Number of protein chains: 2
Amino acid sequence: MSGRSPEALRADVGRLVGADRVVDDPARVARASRDTWVVSVWRSLQPTPPAPAACVVRPRTTAEVAKLLAYATRERVPVVPFGAGSGVCGGVLASADALVVDLGEMRALRAIDGQNLLATAEAGLMGDDFEAQLNAAGYSMGHFPQSIALSSVGGWVATRAAGQFSTKYGNIEDMLVAFEAVLPSGTIIRTRAIPRASTGPDLRHVFLGSEGTTGIVTEVTFEIHPLPAATAHEAIAFPSMSAGLESLRRIVRDGWRPAVLRLYDEIEAGRAFAGVAGATESLLLVLCEGPDALVAAERSAVEGISTACGGRLVGPGPVESWLHHRNAVPGFETFLKQGMVVDTIEVAVTWDRIDALFSGVLAGMRAVPGLIVASGHSSHTYPTGTNIYFTFAAKPESSADLEPLYFRIWSAAMEATLAAGGTISHHHGIGRVRRDWLPKELGSAYDALLTLQRAFDPLGIMNPGALLTTR
Amino acid sequence: MSGRSPEALRADVGRLVGADRVVDDPARVARASRDTWVVSVWRSLQPTPPAPAACVVRPRTTAEVAKLLAYATRERVPVVPFGAGSGVCGGVLASADALVVDLGEMRALRAIDGQNLLATAEAGLMGDDFEAQLNAAGYSMGHFPQSIALSSVGGWVATRAAGQFSTKYGNIEDMLVAFEAVLPSGTIIRTRAIPRASTGPDLRHVFLGSEGTTGIVTEVTFEIHPLPAATAHEAIAFPSMSAGLESLRRIVRDGWRPAVLRLYDEIEAGRAFAGVAGATESLLLVLCEGPDALVAAERSAVEGISTACGGRLVGPGPVESWLHHRNAVPGFETFLKQGMVVDTIEVAVTWDRIDALFSGVLAGMRAVPGLIVASGHSSHTYPTGTNIYFTFAAKPESSADLEPLYFRIWSAAMEATLAAGGTISHHHGIGRVRRDWLPKELGSAYDALLTLQRAFDPLGIMNPGALLTTR
């Protein structure tokens with residue numbers, strides 16, 4: 001796209017923001033040229049890994065980001081925003097002519113405002129660092145993606161992230177109060193922290209879920225909460241996934257909002273909590289938090305509803321175990337080195353279709369030769385429906401078949417999700433792995449999405465290849 | 001803008017969708033050419049009222065809306081979408097060459113889906129009719145704008161409406177699950193009813209708050225709730241507005257979400273609930289609803305927090321009185337015929353600035369000669385802040401000075417709101433009355449709003465003059 005050679009691009013960028021901002025270390029350049037999509041990890045392990053980005057730059061200020069984008073617009077250089085690279089969908093995958101704007105140096109916590117329950121940070125601040133600083137001041141964001149130690153606060157916005165406590169605290173779109181972003185032209189826009197407004201279409205949604213295709217988010221202001229006065233933990237075994245899902249539906253329908261409602265199928269319950277539930281039972285983890293009286297009432301209601309749905313209380317142990325181990329998952333590399341590919345696929349659907357989606361996606365994946373195991377759990381429940389977070393492991397006959405096998409399984413899962421009327425992504429985003437199915441999901445609305453994206457990025461320089469099949 | 005004469009436009013429209021869809025009655029044409037902005041009401045009462053729209057059409061299907069917009073795009077005819085005309089900001093004010101698309105014939109309730117807690121209706125369905133049909137089936141939307149009997153479900157989306165029970169159930173953006181809309185080109189887009197997705201920027205927000213400038217919403221799917229098992233009412237008198245506001249802050253900060261928290265200043269408390277509170281006291285109405293145990297715990301917590309903030313419980317009477325009379329307000333006409341102008345101005349701000357905003361806006365309005373009374377209440381509370389809904393009455397020296405006086409008062413309120421760091425509109429929208437202050441509120445983000453609007457309406461035919469000062 002650009003006429004600039006990698007050398008010329010690096011020299012230009014060094015002149016713009018300082019040569020010390022340009023990353024030299026080839027390993028760091030390679031790492032910043034992709035996210036944690038298992039396909040990218042796999043390719044990075046091959047004897048000839050993909051060519052990295054032409055230039056990786058680590059600006060230290062919004063003004064530097066603005067300079068870089070204005071330059072990229074002038075020179076038609078493709079720009080790939082990089083937060084912390086923990087995405088798993090190929091949302092970051094820089095071409096060899098691309099400029100990667102790595103926000104890792106922009107990690108200041110600007111303010112914790114206890115009176116207004118707001119916290120402001122630069123986009124590159126890591127999630128666990130942000131949460132730890134809030135905790136030290138007596139607050140929490142209530143946003144706990146499994147990736148919290150690997151992801152940045154700006155990345156949460158760009159990917160429309162969801163955290164493990166979402167049933168009570170909402171998803172990232174419920175938490176983002178204000179932002180600063182740089183448009184491809186280099187224009188900096190800032191919104192004000194206000195509780196709620198009716199002042200035209202809500203511009204936060206130009207960037208929430210944008211995957212970097214409309215600009216670069218440089219600062220975020222999130223709603224925070226005082227640390228809760230009380231918490232309660234309980235695990236409940238159900239005779240079937242279907243019975244557990246019905247219990248979830250009734251809990252939120254009645255107006256309760258436990259922070260955590262995680263329902264594992266019998267495979268995952270057996271794997272993560274061996275011996276707690278029977279071999280064919282599903283297992284629900286419940287965590288309530290808030291004021292004492294609310295937690296007591298909620299816990300009692302959840303237990304009553306669950307029991308009425310066939311559940312059996314098995315104590316707080318599994319919840320406490322999960323809290324300790326919840327973010328420790330083996331990396332994709334471990335499995336790849338054993339000749340296996342493992343991945344997760346999160347989708348969502350309304351209650352009337354949840355059983356069909358759950359069984360349909362599992363059946364679709366299991367019909368693919370090479371699949372070893374597929375399982376799922378529900379982790380984000382709403383009055384209208386819930387998500388299923390599927391995990392699969394597969395072993396190709398040869399390493400040459402690893403990618404084709406992987407894509408066959410994904411295709412089976414995506415087609416089964418759409419057939420069941422679900423959304424192809426609950427909270428990981430589209431990136432490249434789901435891109436081909438997005439037009440099927442959105443139908444006539446896909447063109448409206450293109451219209452929006454093109455309006456903000458008329459030259460098509462922002463993260464090309466992610467989210468949209470065409471520009 | 002268009003080269004079509006009113007006669008030619010009416011003939012064209014009749015040929016497109018049937019002559020019986022074109023409104024002939026001059027009084028209905030005049031009424032559909034404006035909303036309930038007091039300035040428009042005032043002008044309509046003058047000996048020479050403003051010229052009405054060239055044509056008012058009442059399509060019966062989305063396909064007819066699509067035909068009308070495709071025609072308007074072809075002929076460059078300005079289009080004014082009309083829901084029920086209850087807006088109070090001049091969001092609907094058709095020019096003499098405009099085509100008003102009145103959605104009043106599209107009022108079918110499509111479905112009440114009790115399992116998924118969803119209800120779907122055509123955009124022209126009236127709010128009270130929708131809620132009554134939900135109630136009959138055992139559900140409620142939990143959305144109660146004061147205008148519920150005067151406004152349409154599509155209008156709620158276009159204006160980013162808020163209802164009286166918002167602290168528990170959220171505002172319209174929290175309730176809209178899916179929609180159908182017609183773009184200016186005539187393209188029909190539909191989204192799916194899914195619980196939550198990460199599939200790019202959320203297209204609902206192209207239309208929420210659009211005030212008809214990006215297209216016409218033709219169908220909506222909202223989240224609904226089972227009718228609550230329990231309710232509790234209590235009113236609490238506070239020694240000052242500031243003490244009451246601090247109580248609101250602490251209630252939501254602790255994690256409670258009563259459906260209604262309405263805090264009236266001493267003027268409004270005295271006017272609406274005479275004798276309940278002392279002459280200098282503010283009055284808080286609390287309504288809790290939901291499961292029995294939640295309501296009991298919440299009521300007790302709210303009373304405890306309020307008492308700690310200096311509040312004095314005065315019983316459920318004022319809440320019950322409010323529930324009976326809450327939507328019965330005198331129309332603007334009553335006052336205009338007495339030579340007075342009355343209006344409301346709702347704004348919002350974070351907690352740290354709420355006292356300054358409250359006193360600043362009142363002082364600003366009271367400094368305008370001709371103002372008789374100005375007062376306010378808080379009706380929508382969030383963890384981060386709250387709104388104030390101001391009411392003013394003014395009497396000009398002569399009828400010629402009514403409009404100038406009105407705009408002087410609005411200007412004082414807008415400037416004081418911005419000076420206090422607030423948003424100029426909490427839930428009524430921008431229309432024409434606030435239009436000149438929107439660039440000041442959004443600052444550098446105003447151009448992004450223009451970019452979004454122009455992308456969907458490149459010819460500038462959609463509700464010109466509303467929301468944006470320029471296109």
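Modeller: Contact here means heavy atoms within 4.5 Å. The model is a predicted one.

Colleague: How many residues does the contact take from chain A and from chain B?

Modeller: It takes 80 residues from chain A and 80 residues from chain B.

Colleague: What area do chain A and chain B bury between them, and how much of it is on carbon and sulfur atoms?

Modeller: Together they bury about 6500 Å², with 59% of it on carbon and sulfur atoms. On the chain A side, the residues that lose the most area to chain B are A:R192, A:P195 and A:R196, together 13% of what that side buries.

Colleague: Which side chains meet in a salt bridge?

Modeller: Two salt bridges are counted between chain A and chain B. In one of them, the side chain of A:R196 meets that of B:E173 at 2.6 Å, N to O. Polar contacts between the chains come to 37 residue pairs, both residues at pLDDT 80 or more. Helix α18 (residues 446-456) of chain A gives the largest share of the side that touches chain B, six residues. By residue class, that side of chain A divides into 39 nonpolar, 27 polar and 14 charged.

Colleague: How should I read the relation between the two copies?

Modeller: In general, two copies of a chain are related by a rotation about an axis and a shift along it. Here a turn of 180° and a shift of 0.0 Å along the axis lay chain A on chain B with an RMSD of 0.0 Å. The two copies are therefore related as by a two-fold rotation axis.

Colleague: Which C-alpha of chain A is nearest the axis?

Modeller: That of A:A455, 2.8 Å from the axis. The same surface serves both copies, as 100% of the contact residues of chain A recur in chain B.

Notes:
Residues are numbered from 1 along each chain as its sequence is written. Chains are lettered from A and ligands numbered from 1 in the order in which they are written. This is a predicted model: local features need pLDDT of at least 70, side-chain atom pairs count only at pLDDT 80 or more; totals for chains, interfaces and linings use all residues. Side-chain values use heavy atoms; hydrogens and water are left out. Buried area is the accessible area (1.4 Å probe) that two parts lose on being put together, summed over both. A salt bridge is a side-chain nitrogen of Lys or Arg within 4 Å of a carboxyl oxygen of Asp or Glu. A polar contact is a pair of N or O atoms within 3.5 Å; within protein, one must be able to donate a hydrogen and the other to accept it, and residues adjacent in sequence count only if both atoms are side-chain atoms. Helices (H or I, at least four residues) and strands (E, at least two) are DSSP runs, numbered from the N terminus. Ala, Val, Leu, Ile, Met, Phe, Trp, Tyr, Cys and Pro count as nonpolar, Asp, Glu, Lys and Arg as charged, and the others, Gly among them, as polar. Copies are superposed by least squares on the C-alpha atoms of residues with pLDDT of at least 70 in both.
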